[in-house]
Amino acid sequence: MSSTDSTDPTDSTNSAAFPRQFARSRRFSLGVPRHFTVSPDGSRVLFVRTVSGTDPVGRLWQYEDGAERLVVDPALLVGAGGGPVPEEERLLRERARERSVGVVSYATDDAARLVAFALSGALWAVRTDGGIPFSVSAAGPVVDPRPSPDGRHIAYVSRRSFHVVDLTGADLQLACAEGPEISYGLAEYVAAESMHRLRGYWWAPDSRHVLVARVDTGPVERRYVSDPADPATPPQAIPYPAAGTPNAEVSLQLLSLEGERVEVDWDRKTYEYLVDAGWDAHGPYLAVQSRDQRIVRTLSVDPATGATEVLHERTDPAWVELIDGTPARTASGALVLPEDDGDTRYLTVNGRRVTPEGLQLCAVLGVEGERVLFTASEDPLETHVWCHEPGHGSRRLSRGPGRYTGVGRGGTVVLAGVTPRGNEVGVLRGTEPGTGTGTGLGTGKDTGTGSAGEAGSASEAGSAGEVPYETLASLAEEPAVTPRPLHLTLGERQLRGALFLPSWHREGAGKLPVLLDPYGGPAMQLVGRARGWFTCVSQWFAEQGFAVLVVDGRGTSNRGPAWEKAIHGDQLTPALEDQVDALRSAGGRFGDLDLTRVAIRGWSFGGFLAAAAVLHHPDIFHAAVAGAPPTDQRLYDTHWKERFLGHPEEQPENYVRSSLIGHGHLLRRPLLLVHGLADDNVAAAHTLRFSAELLAAGKPHSVLPLPGATHLPAGDAVNEQLLHFQRDFLLDALARRVDGG
């Protein structure tokens with residue numbers, strides 16, 4: 001059993017440097033190009049990137065004519081630093097899992113000539129034709145500034161009120177928050193955290209009107225997050241809608257620069273979730289969802305009256321999966337939507353399927369004319385960027401192995417991929433509609449060559465030539481360890497797994513303790529042909545002497561609707577069964593795996609799985625580290641948890657079987673619980689209450705509290721030492737098992 005054909009003897013030595021590198025590079029995210037915008041003619045690409053793999057300050061760049069140009073460097077802006085980040089902005093960054101500072105996000109006008117961004121609450125703008133950044137007077141701390149399509153105004157939110165300012169500083173307050181529980185133009189908690197909607201307003205194409213969300217958190221329960229390490233700081237009140245409790249009341253208003261206001265009318269009692277919204281040449285539109293999440297409606301809006309009309313309705317007996325970028329409309333007004341049928345999630349345009357069976361739609365990236373750019377997966381180990389246009393079918397643009405996303409406009413597509421070599425960004429030219437080119441980074445694939453209603457089977461595009469592409473440099477650090485995943489298909493359910501072995505291990509030289517390193521839950525895949533930060537961490541644990549097994553079981557994404565919804569009503573049993581089955585299958589295939597010494601670690605849902613493993617299968621799992629585990633599912637938010645388990649008052653048994661609370665008396669193995677005390681996603685109460693239950697049952701365990709840490713702990717020292725702490729705990733626990741039997 002060899003982990004690789006060629007072994008780098010330095011990996012074992014280099015692994016000592018990895019934890020510090022992992023922490024200071026912020027999971028290797030620094031130095032990676034991201035947040036792309038393409039100009040209408042496709043000639044220019046705007047993006048954000050730090051200047052090295054350890055520098056945390058984001059800067060704005062423009063790529064044109066084969067060269068990069070620095071557009072905004074926050075360090076050069078007088079008065080741009082030092083001020084506090086508004087609380088609403090901090091929360092947006094937390095929901096987006098943002099790890100850098102400086103220019104972390106921006107927005108442009110339709111021509112991509114005017115850019116607006118916020119720095120420490122101040123409003124800044126810059127023109128991309130070579131001008132220098134300039135400050136724009138604002139009424140207060142600025143959140144989420146966005147220029148109007150014509151570039152003459154910038155909208156923003158300040159102190160929960162909605163403003164529009166022109167470039168001379170003339171400010172209009174179009175909507176004033178009526179009280180501390182009201183906000184205009186911001187996404188509520190469940191939208192940002194569970195629906196991936198970070199926006200709260202949308203400009204009209206005429207640049208004179210804006211569709212704005214009004215959020216009333218009055219009905220929502222409050223949670224109070226404090227830092228016990230700093231008792232002088234008062235707690236922060238967070239509106240958090242736990243499962244079974246009231247949501248925020250969300251409505252929409254059509255506002256004009258002349259001060260007119262029209263309320264958008266839909267059945268908000270039945271469809272209380274605002275999934276997404278937009279405004280195109282055909283008018284405003286929105287998607288709304290019922291509380292039980294079994295119905296999603298796409299509505300058009302009459303901008304004069306606010307009246308709505310149902311354009312489409314999706315239903316599902318479990319839940320309707322929300323797909324990023326949908327609904328959307330083409331230039332002709334054709335609706336772009338997902339459709340689940342059997343075990344395939346299709347892309348549909350104007351009600352017709354345009355992708356073949358087995359190709360799983362992941363997200364819609366954008367619509368230009370009649371052309372739709374989207375991501376899809378035909379292999380659970382890869383995600384690719386595809387393009388559909390009438391008369392040319394659906395064709396794949398990205399080629400090499402990896403997980404790709406992108407953005408396109410004016411015949412140019414930016415392909416951002418996490419590949420086996422790390423983060424790579426290619427700028428692909430010459431993909432204009434109707435050219436038949438655009439086959440990606442090398443020869444691509446073509447699925448269907450007929451009308452929008454014809455979906456062919458995937459096959460090699462033999463006549464397609466290779467299209468030149470350019471690259472945007474990633475300045476991310478090269479990991480000190482080189483992941484060597486052995487990709488496996490395990491068990492009767494064909495579970496996708498990856499086995500990481502120490503670079504120094506030789507088959508037959510000795511037994512290795514096994515460490516399972518899963519996430520294993522919805523909306524995330526860890527197993528793939530890509531070098532993500534998590535594969536580097538798994539390899540680092542392997543270099544410490546483990547055989548590390550990572551498995552994506554039922555409930556994870558991109559393997560079809562039936563696979564995703566196998567956890568409906570029970571988020572624990574299928575997910576844990578798949579980890580057990582994969583372990584047994586791998587142990588049967590590889591004799592060097594010591595199944596008498598098995599540990600498991602994970603964070604968030606992975607932490608939940610880790611703790612559940614030692615509770616329910618102590619005969620198989622002998623030690624666990626559970627980071628930020630949701631131990632009581634009733635403490636989690638409405639939209640995310642009711643999606644899988646239903647309403648807790650109607651289906652309480654689902655919450656009982658899917659929680660760790662109530663099962664603490666089963667613990668027989670060493671368990672380390674780790675939790676950030678400022679976590680407002682999975683509250684520290686999950687760990688503290690579970691620890692109290694374990695203590696009351698006389699079950700020894702360890703708890704590592706992280707003062708001031710949120711759901712993703714920040715701070716180089718904390719992240720560096722966390723890896724060491726987990727390793728030492730697990731090695732010690734497994735060693736004591738050998739010594740003590």
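This report describes the overall form, confidence, nonpolar cores and selected strands of a predicted model.

## Overall form

The protein chain contains twelve helices and 46 strands. Its C-alpha trace extends over about 80 × 65 × 55 Å along the principal axes. For 741 residues, a compact globule would have a radius of gyration near 27 Å, and the value for the protein chain, 26 Å, agrees with this.

Of the 741 residues, 59% count as buried. The exposed surface of the protein chain amounts to about 27,500 Å², of which carbon and sulfur atoms supply 51%. Among contacts between residues at least 6 apart in sequence, 62% join residues at least 24 apart.

## Confidence of the prediction

The average pLDDT of the protein chain is 91, and 91% of the residues score at least 70. Two stretches with low scores deserve mention. Over residues 1-10 the pLDDT stays under 50, and the model gives this segment 17 contacts beyond four places in sequence. Residues 434-465 also have a pLDDT below 50; this stretch has 87 contacts in the model beyond near neighbours in sequence.

## Nonpolar cores

In soluble globular proteins, nonpolar side chains tend to be buried together. In this model the largest nonpolar core comprises 76 residues, and Phe18, Phe621 and Leu671 have the most contacts inside it. The element that gives the most to this core is helix H8 (residues 605-616), with nine residues.

The surroundings of Leu671 can be listed in detail. Apart from neighbours within four places in sequence, Leu671 is in contact with Ala611, Val614, Ala624, Ala626, Phe690, Leu694, His701, Ser702 and Phe729. A second, separate core has 24 residues, including Val275, Val320, Phe644 and Val682.

## Strand E11 and its partners

Strand E11 (residues 153-158) is largely enclosed by the rest of the structure, because six of its six residues are buried. In a regular strand the side chains alternate between the two faces of the sheet. In E11, His153, Ala155 and Val157 point one way, while Ile154, Tyr156 and Ser158 point the other way; all are buried.

E11 pairs with strand E10 (residues 143-147) in the antiparallel sense through three bridges, and Arg146 lies opposite Ala155 of E11. The hairpin of E10 and E11 has five residues between the strands, and Gly151 there adopts a positive phi near 75 degrees. E11 also runs antiparallel to strand E12 (residues 161-166), to which six bridges join it. In this pairing, Val157 has Phe162 of E12 as its bridge partner. The hairpin of E11 and E12 has two residues between the strands, and Arg159 in the turn has a positive phi of about 50 degrees.

## The open sheet E6 to E9

Strands of a sheet pair through backbone hydrogen bonds, either parallel or antiparallel. Another part of the model shows an open sheet of four strands in the order E6-E7-E8-E9, with antiparallel pairing. Strand E6 (107-108) and strand E9 (134-136) stand at the edges with a single partner strand each, so one side of each is left without a neighbour in the sheet.

At the E6 edge, two bridges link E6 to strand E7 (residues 114-119) in the antiparallel sense. Within this pair, Thr108 has Val115 in E7 as its bridge partner.

How values were computed
Residues numbered from 1 in each chain as written. Heavy atoms only, no water. Core = buried A, V, L, I, M, F, W, Y, C linked by side-chain atoms within 4.5 Å. Buried < 20%, exposed > 50% of the residue type's maximum accessible area, 1.4 Å probe, protein only. Contact = heavy atoms within 4.5 Å. Pairing = 2+ DSSP bridges. pLDDT = per-residue confidence, 0-100. Rg over C-alpha atoms; globule rule 2.2 N^0.38 Å. Areas by Shrake-Rupley, 256 points an atom, 1.4 Å probe, with all protein chains shown as cover.
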